[in-house]
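Please look at the sequence and the 3D structure shown below before reading on. The report that follows takes up a helix, a nonpolar core and a group of aromatic rings in turn.

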Amino acid sequence: MLYRAFCLALVAFALAGCQGSNPYVASSRPLPPAPAQAAHTFDASAYPAAPRDYGRYRSWSWRAGQSPSGVAGGDPGQLADAVSGALDQHGLRPARGGRGDVLVSADMRVERRLRQVRDYDSYDPYYGPYPYGGVGVGGYRNGYGAYGSVPVVRTYEVEVLVVRIDLFDAATGQPVWSASAETSGDKSSPRARERALRESVDKALSGYPPS
């Protein structure tokens, strides 16, 4: 009984405290005035970047006015011809008498890659009669045997031709496209190397313009 009376008195005291005045008063300082130039300044970071219009790129020229030179693994003239032909297929024509809409740089090199081939030595399980005995002794008895496959991984090294192509907006200098591709295979003859070069260039530009 005394405990219940104590609890009631404690609740009444708490309610009386809640009805008192709050010593904490909310206050705030006004925001400083905006600078005068804010009304005339465009904040580009507040808006998403506009999608790039690749349709306005119609001509190209070499960046810094120089075609590829000193490239490793092939003839720079062949690289220049391959890039020019691939760009033409994507609607970009060489600029006449000036700088193009996009600036192009290209290089190639030969790198080594490790390839792995998985082979299997086969065997087959069986159960059945098999001969037993020695010389002059004949007969059969049932038994187990097995023929199966064991995976064998063979690693070998190959040379690949790597081509990298970069496109830059001529007006702003910003990069608009960058890709690289590689081709392996027979490069023992000049014709084979030229074919591998053109294949790598076509792969590098296969996604231009991006959808």
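The expected span of a helix is 1.5 Å times one less than its number of residues. The model discussed here is a predicted one, and in it the 15 residues of α3 should span 21 Å, which agrees with the 21 Å that separates the end C-alpha atoms of this helix.

**Helix α3 and the nonpolar core**

Within α3, the buried residues are Ala-192, Ala-196, Leu-197, Ser-200, Val-201 and Ala-204. Val-201 also appears in the largest nonpolar core, which holds 29 residues and in which Val-83, Ile-165 and Val-201 touch the most other members. Two or more residues of this core are given by each of β1, α2 (76-89), β3 (102-121), β6 (150-169), β7 and α3, and the largest share, six residues, comes from α2. When residues up to four places away in sequence are not counted, Val-201 touches Leu-79, Ala-82, Val-83, Ala-86, Val-163 and Ile-165.

**Aromatic rings**

How many aromatic pairs does a search of the whole structure find? The search finds four, and two pairs that involve Tyr-208 are set out here.

| Pair | Centre to centre | Angle between planes | Arrangement |
|---|---|---|---|
| Tyr-54 and Tyr-208 | 5.7 Å | 85° | edge-to-face |
| Trp-177 and Tyr-208 | 5.7 Å | 75° | edge-to-face |

Because Tyr-54 lies in the loop between α1 (2-18) and β1 (59-62), while Tyr-208 lies in the segment after α3 (190-204), their pair ties together parts that are 154 residues apart in sequence. Trp-177, in turn, lies in strand β7 (residues 175-184), so its pairing with Tyr-208 in the segment after α3 ties together parts that are 31 residues apart in sequence.

Are Tyr-208 and Trp-177 buried or exposed? Residues count as buried under 20% relative accessible area; Tyr-208, with a relative accessible area of 5%, is therefore buried, and Trp-177 also counts as buried, at 15% relative accessibility. Tyr-54, Trp-177 and Tyr-208 belong, together with Tyr-57, to one aromatic cluster.

A further ring is met by a charged side chain, since Arg-63 lies over the face of Phe-168, at 3.7 Å from the ring centre.

Key. Residues numbered from 1 in each chain as written. Predicted model: local features only at pLDDT ≥ 70, side-chain atom pairs only at ≥ 80, totals over all residues. Heavy atoms only, no water. Phe/Tyr/Trp six-rings, centres within 6.5 Å; stacked < 30°, edge-to-face > 60°. Helix = DSSP H or I, 4+ residues; strand = E, 2+ residues; numbered from the N terminus. Buried < 20%, exposed > 50% of the residue type's maximum accessible area, 1.4 Å probe, protein only. Lys NZ or Arg CZ within 6 Å of the ring centre and 35° of its normal. Core = buried A, V, L, I, M, F, W, Y, C linked by side-chain atoms within 4.5 Å. Contact = heavy atoms within 4.5 Å.
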